[in-house]
Amino acid sequence: MHGVGLRELVALGILGLALGFGFMFFDPTSTGNDGKWPATVSLGEPAPTRDPSTPAATATPVPVRELKEPGGSWFLAYYARSSTGSEFRAAEGFVERLAIDEAGKPFPDFTDDAWRVEASQQLTLEPGRYRFGLETDGVVTVMAGDKVVLEAQDSATAQRREVVFDHAGGSVVVLINARDMGGPLRLKWAE
């Protein structure tokens, strides 16, 4: 076995210097100010203070675009409820305008107060916030894409409902589900 050689002594010397520099730079009590005050770290300019006499800034509201009724391709799917309580699709088709007003049942073989209708249409929109109105009587749920944007319970009379949703831009499917719960069912685009 050999003793401590030159290589080992050089390595130990370098390690000692590294420890000395490390202690000097990372020692929190070593501030270079003779210990009169603690060291401070500056992360840039301090934030300006607000004059209390000046009102605080408010967020700019996102502009809302009125969405006119898209025409020509509302897809309607009617669902009936069987005597066992299960639902089945009983009818479907396309309409130009969304204007459903049924006092009882839409088809002779349906049971009053035991049916629903889904109206859907695919829209292509710019990014932004959109608003449209519906006149409804019955339980109504509106989805824009995969987000529920309106849930309304049945009321004694037809109500105007406002639907507002944000969209990132591109294609979105608007799906309106209306259920007959007693009395008439009304689902109409309100402009």
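This tour moves through the structure stop by stop, naming what to select and what is found there.

The model is a predicted one, in which local features are taken up at pLDDT of at least 70 and side-chain atom pairs at pLDDT 80 or more, while totals for chains, interfaces and linings use all residues. Residues are numbered from 1 along each chain as its sequence is written, and side-chain values use heavy atoms, with hydrogens and water left out.

**The whole chain**

Begin with the full chain coloured by secondary structure: one helix and eleven strands are present, where helices (H or I, at least four residues) and strands (E, at least two) are DSSP runs numbered from the N terminus. Read from the N terminus, the order is α-β-β-β-β-β-β-β-β-β-β-β. Of the 191 residues, 27% are buried, a word that stands for under 20% relative accessible area, with exposed meaning over 50% and partly exposed the range in between (1.4 Å probe, protein chains only). Taking contacts (heavy atoms within 4.5 Å) between residues at least 6 apart in sequence, 69% join residues at least 24 apart. The chain exposes about 13200 Å², of which carbon and sulfur atoms supply 58%; the areas come from the Shrake-Rupley method with a 1.4 Å probe, and for residues only the protein chains shown count as cover.

**Helix H1**

Next select Leu 6, Val 10 and Ile 14, which make a nonpolar surface patch of about 320 Å². Such patches are built from residues with over 30% relative accessible area and no salt bridge, nonpolar side chains (Val, Leu, Ile, Met, Phe, Trp, Tyr) being joined within 5 Å and like charges within 9 Å. Ile 14 belongs to helix H1, residues 6-26, and is exposed, with a relative accessible area of 54%.

**Strand E11 and its partners**

Move to strand E11, residues 185-190, where five of the six residues are buried, so the strand is largely enclosed by the rest of the structure. Strands count as paired if DSSP finds at least two bridges between them. E4 and E11 run antiparallel and are joined by four bridges, with Ile 100 having Leu 187 as its bridge partner in E11. Strand E6 (residues 128-137) also pairs with E11 in the antiparallel sense, over five bridges, and here Leu 134 stands opposite Trp 189.

Keep E4 and E11 in view and select Asp 101 and Arg 186, whose side chains meet in a salt bridge (2.6 Å, N to O); the term requires a side-chain nitrogen of Lys or Arg within 4 Å of a carboxyl oxygen of Asp or Glu. This pair links distant parts of the chain, with Asp 101 in strand E4 and Arg 186 in strand E11, 85 residues apart. Asp 101 is partly exposed at 48% relative accessible area, whereas Arg 186 counts as buried at 19%.

**Salt bridges elsewhere**

The structure holds ten salt bridges. Select Glu 87 and Arg 179, whose side chains meet at 3.0 Å, N to O; Glu 87 lies in strand E3 (residues 87-95) and Arg 179 in strand E10 (residues 170-179), so the pair ties together parts that are 92 residues apart in sequence. Adding Arg 116 and Glu 118 to the selection shows a network of salt bridges that links these four residues.

**Strand E5 and the loop before it**

Now select Gln 121 in strand E5, a residue that is buried, with a relative accessible area of 6%. Leaving out residues up to four places away in sequence, Gln 121 touches several residues, including Pro 70, Trp 74 and Val 173. Its side chain joins that of Ser 73 in a polar contact of 3.3 Å, meaning a pair of N or O atoms within 3.5 Å in which, within protein, one must be able to donate a hydrogen and the other to accept it, residues adjacent in sequence counting only if both atoms are side-chain atoms.

Step back to Asp 113, in the loop between strand E4 (99-102) and strand E5 (115-125). Most residues other than glycine have a negative phi, but the phi of Asp 113 is positive, near 65 degrees. Asp 113 counts as partly exposed, at 30% relative accessibility.

**The E7-E8 hairpin**

Finish at strands E7 (residues 139-144) and E8 (residues 147-152), which run antiparallel and are joined by five bridges. Val 142 has Leu 150 as its bridge partner in E8. Two residues lie between the strands of this hairpin, in which Gly 145 takes a positive phi near 70 degrees.
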